[in-house]
Every structure is written in C-alpha cells, then in structure tokens.
Amino acid sequence: MSVITSCATHPRRGIALLLATVMTTVVGIALLVMWRGVGDNRRTSVAESATRRAAALAESAQVAVFFAADSGAWRALSVPGSSQRIAIVTARRESRASDLARTGWLTLLARGTGTASAGRVGIVARADRRTLIPLTAPITLPHAAVTGGALSWLVDSAAVVDVPMPSGRERICRAGLTVAPTGVAAFPPAFQPLLLPMVDPDTVRDTVRGAVRIVGPLLSRPLQVIGILALDSDLLIGADLHVSGVLITRGSVRPSGGHLAVTGAVLAGDAGGGGGQSRLGVGDHVRYDACAARRALELVTTLGPSATWTRLSFY
C-alpha cells in the first residue's frame, strides 16, 4: 500500500516544479520589460533635456553673431565663401559656437551651434541654428568703367578707359560680369548723396577714406578718395581728382582744367544743372576695378530686415 502512495505523489512534485519554473520565467520577463520601459523613458527624458539645452545654446550663440554683424564684422568677409568665427564657448557637458559666413555678395549666414550631453546614458544633442541675412545696397556693381544716365560718355582721344582682363582676385570680384568700357544706366533712385558726410576739399590735405560727398559743382583743389565720392549735382574737374572706388554724381562729369584718375568705376546721372553729357578730357584715366568698386559700395550697404531669417533646425 505504501508503494502505491509513493508512486502517486512523485508526478505531482514534477508538475509543481514545472509550474514554479514557468511562473518564475513569466515574472522575470515582466520585470525585464518593466526595467527596459523605465530605461527607455529615462533615456527619452534625458534626450529631450539635452536637446532643449542644445537649442538654447545655439540660440544664445547666434545672438553673438547678430551683435557682431550689427557692429560691422561682416565687412571683413571680402568674398563669398569666407567665414569668421565670432565666439566659441566650452563648458562641462556642453559647448556652443557662433560663426558668420558670406554666402554671396549680398547675403550673409549667421550660424549658432550648440552641443549638450546629459546623464550617464551617453545622450548627446546638437542644435544648428542658421539664419540667412540679406544685405541691401542702393547701388549695384557697375557693369561699365564709365556709366552715363542717358548717353554713353564722350571720351577724348587722349583719355584712357581701361577694362583689363580679370585675373586672380579680380576674377572673383567680377563674379562672371560682362564689363564694357562705357554704358548707360539710370541713376540709382535709392542712393541719396545728401545723406553722406560732407568733405571740403579746401581743408583736406590727406587721403579721404570712406563714403563722402563734396559740395559741387567745381573741384578747385586736388583731392584723393578711397571709397565713394558722391555729388548731388554736376562735377567740374578743376583740379586733380584721384578716386579708388566709385565716383557717382547725379549730374554730369566734365573736365575743367584738372585731371581725373579713377580705379574702380564712375557713374553719372547726367541730370544736374544742364551740363548734359559726361565727358573725359585729355589725360583723364579710368581703370575698371571690380574689387575696388565692391569695397566702396559696401560702405553704403546695410543689413536687411529680420523677417527673412530662417527657422531653427536640429541635427
């Protein structure tokens, strides 16, 4: 009788052991799933925190670019493709950098980059905020060495209008422009010579640098200008005038005893005091130089409106 009882209880122990093993496995899997879920949630939370921090760093870095651009730092970017590192800040677990680049002759790219890491799970987020800033200029780069408002200039046989073949930096400055010795174009309506500071040639002995104007129409003393020289009237060249940049008059340019030498370009509106067509006289010399003209025109170039700025993007 005892033998029969022993044989009956042995299978029951096996079933109980099997059930215990299954329950243990199920509980283990459930705990593993819960652990992984908690871990995933924690990683997601850490990732979101790092991303927010990186975005904030990128925005604060871009502020430095805007301040630098407003202060005129972009003028050091001489050709498209050039860039300038405005600031870089590195701290524990996070860093930020700000750059200003020139994407074209009339466009800038302000860039703020923020990188942040958070937690022990190795989360790293990077935000790259880019803003395209247009530059507005009231004068476009002249396509001719001398430009008249209604008719091409009258050029004396003893005067020289030189348009050399572009090479080196000049090739970049022209950027594919087809340049002629003389041309015709309307006076730029957005350009206001009266807004420029005035220079009196009678009191100037050194070279004038910048964008300036003189009270016309007669230049009675020699003058040298690097930049822009502008008049709101005719210009009578009564003394030697040397300009490296752009000479621009709302009226006409005419010889009157002095000599004109320009490296860059000359624009005349021929709409002054009845002088009519602009002329180059004996000994006058104009040499087209796109680089000199671009440097001069940037003196009256300003930053465009912020409404055209791009949105924040993440990488």
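Author: A salt bridge is a side-chain nitrogen of Lys or Arg within 4 Å of a carboxyl oxygen of Asp or Glu. By this rule the count in the present model, which is predicted, comes to eleven salt bridges.

Reader: What makes Arg53 and Glu94 a salt bridge?

Author: The N to O distance between their side chains is 3.9 Å, and the rule asks for a value within 4 Å; the pair therefore qualifies. Arg53 lies in helix 1 (residues 2-70) and Glu94 in strand 2 (residues 94-104), so the contact ties together parts that are 41 residues apart in sequence.

Reader: Why is Arg53 called partly exposed?

Author: Its relative accessibility is 31%. Buried would require under 20% and exposed over 50%, so Arg53 falls in between. Glu94, with a relative accessible area of 26%, is likewise partly exposed.

Reader: How do you know that Glu298 and Arg102 meet in a salt bridge?

Author: Their side chains are 2.5 Å apart, N to O, which satisfies the limit of 4 Å. Glu298 is in the loop between helix 3 and strand 18 (302-303), whereas Arg102 belongs to strand 2, so this pair joins parts that are 196 residues apart in sequence. Both Glu298 and Arg102 are buried.

Reader: Which residues are linked in a network of salt bridges?

Author: Arg111, Asp128 and Arg130 are linked in such a network. Within this group, the closest N and O atoms of Arg130 and Asp128 are 3.1 Å apart. Asp128 counts as buried because its relative accessibility is 0%, while Arg130, at 31%, is partly exposed.

Reader: Why is the link of Cys173 and Cys291 called a disulfide?

Author: The sulfur atoms of Cys173 and Cys291 are 2.1 Å apart. The cut-off is 2.5 Å, so the pair meets the rule. By this rule the count comes to one disulfide. Cys173 lies in helix 2 (residues 169-174) and Cys291 in helix 3 (residues 290-297), so the bond ties together parts that are 118 residues apart in sequence. The link is right-handed, with 100° about the S-S bond, and both cysteines are buried.

Reader: What makes Phe187 and Phe191 an aromatic pair, and why is the pair called tilted?

Author: The ring centres of Phe187 and Phe191 are 6.4 Å apart, and the rule admits centres within 6.5 Å. The planes stand at 50° to each other; stacked would need under 30 degrees and edge-to-face over 60, so the arrangement is tilted. The count of aromatic pairs comes to one, and both Phe187 and Phe191 are buried.

Reader: How do you know that Arg294 lies over the face of Trp105?

Author: Arg294 is placed 3.7 Å from the ring centre of Trp105, and the distance limit is 6 Å. The rule also requires a position within 35 degrees of the ring normal; Arg294 is assigned to the face of the ring.

Reader: What makes strand 5 and strand 8 a pair?

Author: Strand 5 (residues 144-148) and strand 8 (residues 180-184) run in the parallel sense and share four bridges. At least two bridges are needed, so the strands count as paired. Ala180 in strand 8 is the bridge partner of Ala144. Strand 5 also pairs with strand 15 (residues 260-268), in the parallel sense over two bridges, with Leu267 as the bridge partner of Thr147. Five of the five residues of strand 5 are buried.

Key
Residues numbered from 1 in each chain as written. Predicted model: local features only at pLDDT ≥ 70, side-chain atom pairs only at ≥ 80, totals over all residues. Heavy atoms only, no water. Buried < 20%, exposed > 50% of the residue type's maximum accessible area, 1.4 Å probe, protein only. Phe/Tyr/Trp six-rings, centres within 6.5 Å; stacked < 30°, edge-to-face > 60°.
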